[in-house]
Amino acid sequence: MRPWMIGLAGLWAVFVATSAAAQNPAPPGKFDSYVLSLSWSPTYCATRAGRGDDEQCGPTRPYGFVVHGLWPQYATGGYPAECVASPPPVPDAVVAAMLPIMPSQKLIRHEWSRHGTCQGANPAEYFAKTREAFAAVHIPKIFVAPQGPVIMTPAQVEAAFMAVNTGLTADGVAVVCRGHHGAEIRLCLDKDLRFTACARDVRDRCAGQALFAPAR
């Protein structure tokens, strides 16, 4: 096992503990902004959950940053969740359209049930918004198919994203780690998908430098 993989098993399970707290279900559409969460796929694929996910983490594992979700947020912190008791299913055509940037059918359906139902739209509209948000974000070149591990402080990661995304400021982006491994970048957007400041509970969650293992 490579050194950068040691200790990853089980770390992905702490995601809930490191995320902003979910609030009680709210009426759909009652929120203030979004968080676009981009997951570093190699970190996920090195975990126990990832090793069992053939769709995203098959033999080639070609992905770098992929969409984890587009999450409605409250300005005061926290977020609504599961706002519809029996949400309509995500049509197969919508799932297919999302797979290039969100390569997990299970995740797509989960994100719709937990977060998308709080947007106040149907699955096609919610995921169209998600694709629009992802398309508006530029990924720094250092994270596009790196040939080896990328090791940076959270401030350096944020600076790299700010350098290629006009209007993004340090209070509008956060780096999340699993141990010392870079796991997610969270970008805060207003309802028109413009960069905005994050609520106080969307913040860096790394101890020291973050290691981003290469895709393979």
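Which residues are exposed on the other side of helix 6? Keep that in mind while you load this predicted model; the tour gets to the helix after a look at the whole chain.

**The whole chain**

Start with everything in cartoon view. You will find six helices and six strands, and reading along the sequence gives the pattern β-α-α-β-α-α-α-β-α-β-β-β. Colour by burial next: of the 216 residues, 51% count as buried. Turn on the surface, and its accessible area comes to about 10,000 Å², with 57% belonging to carbon and sulfur atoms. If you like contact maps, note that among contacts with a separation of 6 or more, 76% join residues 24 or more positions apart.

**Helix 6**

Now select residues 154–164, which make up helix 6. Its buried residues are Pro154, Val157, Glu158, Ala160 and Phe161. Look down the helix axis: these buried residues fall within an arc of 155 degrees, so they line one face of the helix. A reminder that helps here: an α-helix has 3.6 residues a turn, so residues three or four places apart point the same way. Swing round to the other side of helix 6 and the opening question is settled, for Ala155 and Ala163 are exposed there.

What do the buried residues of helix 6 pack against? Show strand 2 (65–73), strand 3 (150–152), strand 4 (173–178), strand 5 (181–189) and strand 6 (210–212), and you have the packing partners on screen.

**The core around Phe212**

Stay in this region and select Phe212. Leaving out residues up to four places away in sequence, Phe212 touches Trp40, Phe65, Phe143, Gly148, Pro149, Val150, Val157, Val175, Gly182 and Ala183. Val157 in that list is one of the buried residues of helix 6.

Widen the selection to the largest nonpolar core, which has 37 residues. Leu36, Phe127, Phe143 and Phe212 are the ones that touch the most other members. Another core lies apart from this one; it has six residues, including Val35, Ala174, Cys198 and Val202.

Next, show aromatic side chains as sticks. Ring pairs link Trp40, Phe65, Phe143, Phe161 and Phe212 into a cluster. Phe161 also belongs to the buried residues of helix 6.

**Aromatic pairs at helices 4 and 5**

The structure holds 11 aromatic pairs in total. A pair of aromatic rings is described by the distance of the centres and the angle of the planes, so have both tools ready. Pick Trp112 and Tyr126: this pair is tilted, at 6.1 Å centre to centre and 45 degrees between the planes. The pair links distant parts of the chain, with Trp112 in helix 4 (residues 105–114) and Tyr126 in helix 5 (residues 123–135), 14 residues apart. Trp112 and Tyr126 are both buried.

Move along to Phe127, and Tyr126 has a second partner to show you. Here the arrangement is edge-to-face, with 4.9 Å between centres and 65 degrees between the planes. Phe127 is buried, as is Tyr126.

Then click on His115, in the loop between helix 4 and helix 5. Is His115 buried or exposed? His115 counts as buried because its relative accessibility is 5%, below the 20% cut-off. Beyond its neighbours within four places in sequence, His115 is in contact with Leu70, Trp71, Pro72, Tyr79 and Tyr126.

**Pro42 and its surroundings**

Jump to helix 1 (residues 41–45) and select Pro42. Pro42 is buried, at a relative accessible area of 9%. Outside its neighbours within four places in sequence, Pro42 contacts Tyr63, Gly64, Ala213, Pro214 and Ala215. Try a C-alpha distance as well: Pro42 and Arg61 are 19 residues apart along the chain, and their C-alpha atoms are separated by 7.4 Å.

**Last stops: a charge and two backbone angles**

Select Lys191 with Phe31. The charged end of Lys191 sits over the ring of Phe31, 4.3 Å from the ring centre.

Finish with backbone torsions. Glu82 has a phi near 50 degrees, a positive value in a residue other than glycine. You will find Glu82 in the loop between strand 2 and helix 3 (92–98), where it is partly exposed at 44% relative accessibility. Leu193 has a positive phi too, near 65 degrees. Leu193 is in the loop between strand 5 and strand 6, and at 11% relative accessibility Leu193 counts as buried.

Key:
Residues numbered from 1 in each chain as written. Predicted model: local features only at pLDDT ≥ 70, side-chain atom pairs only at ≥ 80, totals over all residues. Heavy atoms only, no water. Helix = DSSP H or I, 4+ residues; strand = E, 2+ residues; numbered from the N terminus. Buried < 20%, exposed > 50% of the residue type's maximum accessible area, 1.4 Å probe, protein only. Contact = heavy atoms within 4.5 Å. Phe/Tyr/Trp six-rings, centres within 6.5 Å; stacked < 30°, edge-to-face > 60°. Lys NZ or Arg CZ within 6 Å of the ring centre and 35° of its normal. Core = buried A, V, L, I, M, F, W, Y, C linked by side-chain atoms within 4.5 Å. Areas by Shrake-Rupley, 256 points an atom, 1.4 Å probe, with all protein chains shown as cover. Arc of directions from axis to C-beta.
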